[in-house]
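Visitor: Could you take me through the backbone oddities here, and then through the face where the chains meet? I'd like a close look.

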Amino acid sequence: MRTQVPLLEIKNLHVQFKVFEGVLKVLNGVNIVIREKEKVGLVGETGCGKTTTIKSVLRILPSPQAKITGGQIFYRGRDILTMQPREIPGLRRGELSAIFQDPLASLNPVFTVGQQLGDILKHSMKHQGVKGISKKEIRSKAADLLRETGMPDPERILKTYPVQLSGGMRQRVCISEALRATVKLLLADEPTTNLDVTIQDQILRRLDDLVEERGTSILLISHSLGIVRDLTERVYIMYAGTIVETTRTRRLFENPLHPYTKALLKTIPKLTGKGLSEGIRGRIPNYLNPPQGCRFHPRCDSAMNICRKENPPGFSAGNDHVAACWLFRG
Amino acid sequence: MTVMNEDILRVKGLVKHFFTRLGTVRAVDNVSFAIRRGETFGLVGESGSGKTTVAHTLVGIYKPTGGEAYFRDQSLGEDFSHRSKALKKNIRIVFQDPGSSLNPRWSIKQILELPLRIHRTSYGKNHVEAVSELLRMVELPPEEYLYKYPQAIGGGEKQMVAIARALATEPDFVALDEPTSALDVSIQAKIIKLLTRLQKKLDLTYLFITHDLSLMRNMANRVAIMYLGKIAEVAPTREFFQKPLHPYTNMLLSSIPVTSDEEEKLKPKQIRSTGEIPSPVNIPPGCSFHLRCPRCMDICSRLDPVMTEKEAGHWVRCHLYPAAGQ
């Protein structure tokens, strides 16, 4: 299969936050690989460290509270964590791009959509070495980008301010910013969580088409397994700062292995209406004092002695299927 | 709609308009339904469809602009400053965000004591036992939670406290306004189970509001779908999901991300989501959905359709299903 250097490789990432009460040990050895043209999902509940993971990749963790205490993040074989600070903006303007949950917070309220999109395009082209483009050209390029996201009347939208747009429109603006030509990897952090389902459906379909057309890789972060099932080829399940399971998306829904994944799948209300499970007992651990061993063991029904002592490494279950659980020691 | 003796709550032509600088927001526009005793009546819709305004008006946060609403034989035509204490005791609400609906400066004991002090004065001054009883009812050990403050407990537990507060007055009817939307699915399952158990035990009637259709499928006995302040379709839950009639219901159902092939089969295929929800200040003429409707006809932009009963208990408001004799 594909053997070349993966586009993005997160290796054994540890991140801690210093707070008044002590140190929050949030990420506890996260491993993620994204190959070229691959659509990957990252799923987990609130507070499991999904956003912390992509903030580490973009190097926008809040400083000085947050500290990366271990691991590497390779982008095309180069470690982002050891890059010089002046190299980072180039990467973010060039091949990396991100969409966040709240589009209003990621757009500047005092500039028009046209000004913001234009600026991004200008810098992105500068990064490519293209110079001396007229304002008119940039404007028409910006309008093209908006049109591609399915925005009606892009010329008019360019003259508006973000507050004048609806939530769905704002997110379309963010997507068009994120999908400029140079982008190779898109990090989408809950891009449709704030939107209504009919709008969510439109935006996700559009996003999927665009990513497909351009051969962009995407890391889609979501708490919704349904969205991830529709849009991705491979999926990572995250719990309390660790990746507990990864496999091809289809396989995860057919044959989930990790007790957490199984329990999570059961708690999702089904359209077929077969009632709900009891949920998962307990709650996500306190990061000040995470449990010893496997972080899921206090809530796990099949916890064994070893689970309380040692953190399980990823055990392969064949077919690209890895579960970090002592049950699959083999 | 058939009005039976067991209807605990009747709403007829309810209207709630808000008058703002930008114009009149027609949040709820001529809504009628009846809720039977002991059932869970579901209200779905996207943001801005007016489902929360309906709940708030019934509970008494707003005074309706027009129409009638009755709880048993008491009118709900006034807001709570003009309602009787008995009525306020009987109709309670659980809000969406437990983080902002619980007073951060009060301990859980204080939060739960207030409704007891007002509505169940028989307890005298010793409320601790009554509050503990309430906490046990929502499956929180009182010795652990009694003196904690809201910020010290998780989102799911806060919502359980909010439920306990609503049930403290021993109500007959509870409006649940998106009680689990702010929570993770694993916590949501717990809360929903708890609500179902309490309903059986205490003989409660629920108005359940959510935008999550999959959750609605598992919770409600009957479902009404709202679009721009009006009800588009009402049906018993099973029928609503298996034989949806209104194009908007179909569009909404086809947009839900699901987690199995079995569910995928239930989603209407022929319809895809288009367009955005118009502003409730500027509602399109005729049928308010016609701009997004894939099966729009000439008549739709001119005439607002009326509710017709297609099958027993299955009502739809769409020109595709004209009333007999029309």
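Guide: Happy to, and bear in mind that this is a predicted model. Let's begin with Glu190(A), which is partly exposed because 18 other C-beta atoms lie within 10 Å, short of the 20 or more that would make a residue buried. What makes Glu190(A) worth a stop is a positive phi of about 45°, although this residue is not a glycine. Most residues other than glycine have a negative phi. You'll find Glu190(A) in the loop between β7 (185–189) and α8 (197–214) of chain A.

Chain B has an oddity of this kind too: Glu139(B), again not a glycine, has a positive phi of about 65°. Look for Glu139(B) in the loop between α5 (128–137) and α6 (142–145) of chain B. With 14 other C-beta atoms within 10 Å, Glu139(B) is partly exposed.

Back in chain A, go to the loop between α1 (50–58) and β4 (66–75), which holds Pro64(A). The peptide bond leading from Ser63(A) into Pro64(A) is cis, with omega near 5°. Most peptide bonds are trans.

Now for the face between the chains: 36 residues of chain A are in contact with 31 residues of chain B. On the chain A side, the elements giving two or more residues are α8, α9 (225–231) and α11 (259–267). The biggest giver is α8(A), with six residues. By character, that side of chain A divides into 13 nonpolar, 15 polar and eight charged residues.

Technical notes: Residues are numbered from 1 along each chain as its sequence is written. Chains are lettered from A and ligands numbered from 1 in the order in which they are written. This is a predicted model: local features need pLDDT of at least 70, side-chain atom pairs count only at pLDDT 80 or more; totals for chains, interfaces and linings use all residues. Helices (H or I, at least four residues) and strands (E, at least two) are DSSP runs, numbered from the N terminus. A residue is buried if 20 or more other C-beta atoms lie within 10 Å of its own, exposed if 12 or fewer, and partly exposed in between; C-beta atoms are placed from the backbone. Two residues are in contact if their C-beta atoms, placed from the backbone, lie within 7 Å. Ala, Val, Leu, Ile, Met, Phe, Trp, Tyr, Cys and Pro count as nonpolar, Asp, Glu, Lys and Arg as charged, and the others, Gly among them, as polar.
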